[in-house]
Amino acid sequence: MLIARTIDELQEAKKALSGSIGFVPTMGALHHGHLSLIRQARDENEHLIVSIFVNPTQFLEGEDLDAYPRKDEADIKICELAKVDILFMPSVETMYEKDELCIGAPAVCGYVLEGKMRPGHFDGMLQIVMKLLNLSAASNAYFGKKDAQQLALIIQMVKNYFMDVNIIPCEIVRDDRGLALSSRNVYLKGDENERALCLSHSLKRATKLVMSGTLNVEKIKKEMHTVLQDVDSIEYIAIVDRDFKRLEEVEVGNTIILLAAWVGKPRLIDNLWI
Ligand code: AMP
């Protein structure tokens, strides 16, 4: 595995690749969620590039940029074992100039739910994903459904900017109790680990309701609220179609149920595709 830290090193390393390139962008502190994307990309492509970059432009003032978990040594080992060809680990200075052209997230999907709670987050996310997709020259790029709104915006960016890459959505990986894996789960302390489980429990309750024929969005949200009693605060529960437009009734095959809640220090998100 080659580790590239500059653009020149990345371009030089890429010269040795011929054939399809799979690409998995991450912010590091790799867990089994990342690993499932990496494995899928390894299986489906001749070559595999992974990036680790904690992107400052997608963190808001007061968010956890400085405290974000960094585990470079362990991450390098994981990527080696996963047979990554090139691991791209650039510095902030490598990725950004001082006064840059920016990409703006679209008015609807970019500014509801996560975009409303974290205004500007998606602008920064799209900016770095555009850069990384261009640099990797990937045939296929892999993103988790865990960040459903991010995934929808990346698909829209690729379409709107006629970018030549397939975006491959990947299933959410959970621990054996149902908690969606996240680098921020390391912030959970003591009983917060147990309390965090009610996010996935509320999504399970929603699934049961839909399976028993309850499609009314308000009824489902009310039930989810009752299951979510162990979190410290709920930021949102939303039931939207795949374009992130609000629904009154669940449309099977075209619905995502999303939630964000605080449990101790971390703000957790989870979702379910129906
Ligand atoms: P991050 O390092 O948090 O920016 O995540 C990098 C990629 O891994 C994104 O496409 C995420 O959606 C994806 N990812 C993170 N957690 C999970 C998970 N539990 N299951 C599947 N994909 C995930």
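Start by selecting F59 and Y68: F59 is buried, and Y68 is buried as well. You are looking at a predicted model, so keep that in mind as you go.

**Stop 1: the aromatic pairs**

Show the two side chains as sticks and turn them until you see both rings. The ring centres of F59 and Y68 are 5.8 Å apart and the planes meet at 80°, so this pair is edge-to-face. How many aromatic pairs does the structure hold? There are two.

For the other pair, select F53 and Y96. Their ring centres lie 6.5 Å apart with the planes at 40°, so this pair is tilted. Now colour the loops around them: F53 belongs to the loop between β3 (47-52) and α3 (72-81), while Y96 belongs to the loop between α4 (92-95) and α5 (114-117), so the pair ties together parts that are 43 residues apart in sequence. F53 and Y96 are both buried.

**Stop 2: Q58 and its surroundings**

Stay in the loop between β3 and α3, where you will find Q58. Is Q58 buried or exposed? Its relative accessibility is 9%, so Q58 counts as buried. To see what surrounds Q58, set aside the neighbours within four places in sequence and select its contacts: M27, E63, R118, H121, G124, M125 and I128.

**Stop 3: strand β2 and its partners**

Next, select residues 21-26, which form strand β2. Six of its six residues are buried, so to speak a strand that is mostly covered. Look along the strand and follow the side chains: I21, F23 and P25 point one way, G22, V24 and T26 point the other way, and all are buried.

Add β3 to the selection. β2 and β3 run parallel and are joined by six bridges; to find one of these, pick I21, whose bridge partner in β3 is H47. Then add helix α2 (residues 32-44), which together with β2 and β3 makes a right-handed β-α-β unit.

Which other strand should you bring in beside β2? Try β5 (residues 140-144), which runs parallel to β2 and is joined to it by two bridges. Here G22 stands opposite N140.

**Stop 4: helix α7**

Select residues 148-160 for helix α7. Its 13 residues reach 18 Å from the first C-alpha to the last, close to the 18 Å expected at 1.5 Å a residue. Highlight the buried residues A148, Q149, Q150, L151, L153, I154, M157 and V158. They pack against α5, α6 (121-136), β5, β6 (166-170), β8 (255-262) and β9 (267-273). Just beyond the helix, click on F162, which follows α7 and has a positive phi, near 50°.

**Stop 5: helix α9**

Move on to residues 197-211, helix α9. This helix has 15 residues and spans 21 Å from first C-alpha to last, close to the 21 Å expected at 1.5 Å a residue. Its buried residues are L197, C198, L199, S200, S202, L203, A206, L209 and V210. Among the elements that cover them are α8 (192-195), α10 (217-227), β8 and β9. After α9 comes G213, with a positive phi near 100°.

**Last stop: two lysines over rings**

Finish with K145 and W273: K145 lies over the face of W273, at 4.7 Å from the ring centre. Then select K265 and Y187, where K265 lies over the face of the Y187 ring, at 4.0 Å from its centre.

Definitions and conventions
Residues numbered from 1 in each chain as written. Predicted model: local features only at pLDDT ≥ 70, side-chain atom pairs only at ≥ 80, totals over all residues. Heavy atoms only, no water. Phe/Tyr/Trp six-rings, centres within 6.5 Å; stacked < 30°, edge-to-face > 60°. Helix = DSSP H or I, 4+ residues; strand = E, 2+ residues; numbered from the N terminus. Buried < 20%, exposed > 50% of the residue type's maximum accessible area, 1.4 Å probe, protein only. Lys NZ or Arg CZ within 6 Å of the ring centre and 35° of its normal. Pairing = 2+ DSSP bridges. Right-handed = clockwise from strand over helix to strand, strands pointing away. Expected span 1.5 Å × (residues − 1). Contact = heavy atoms within 4.5 Å.
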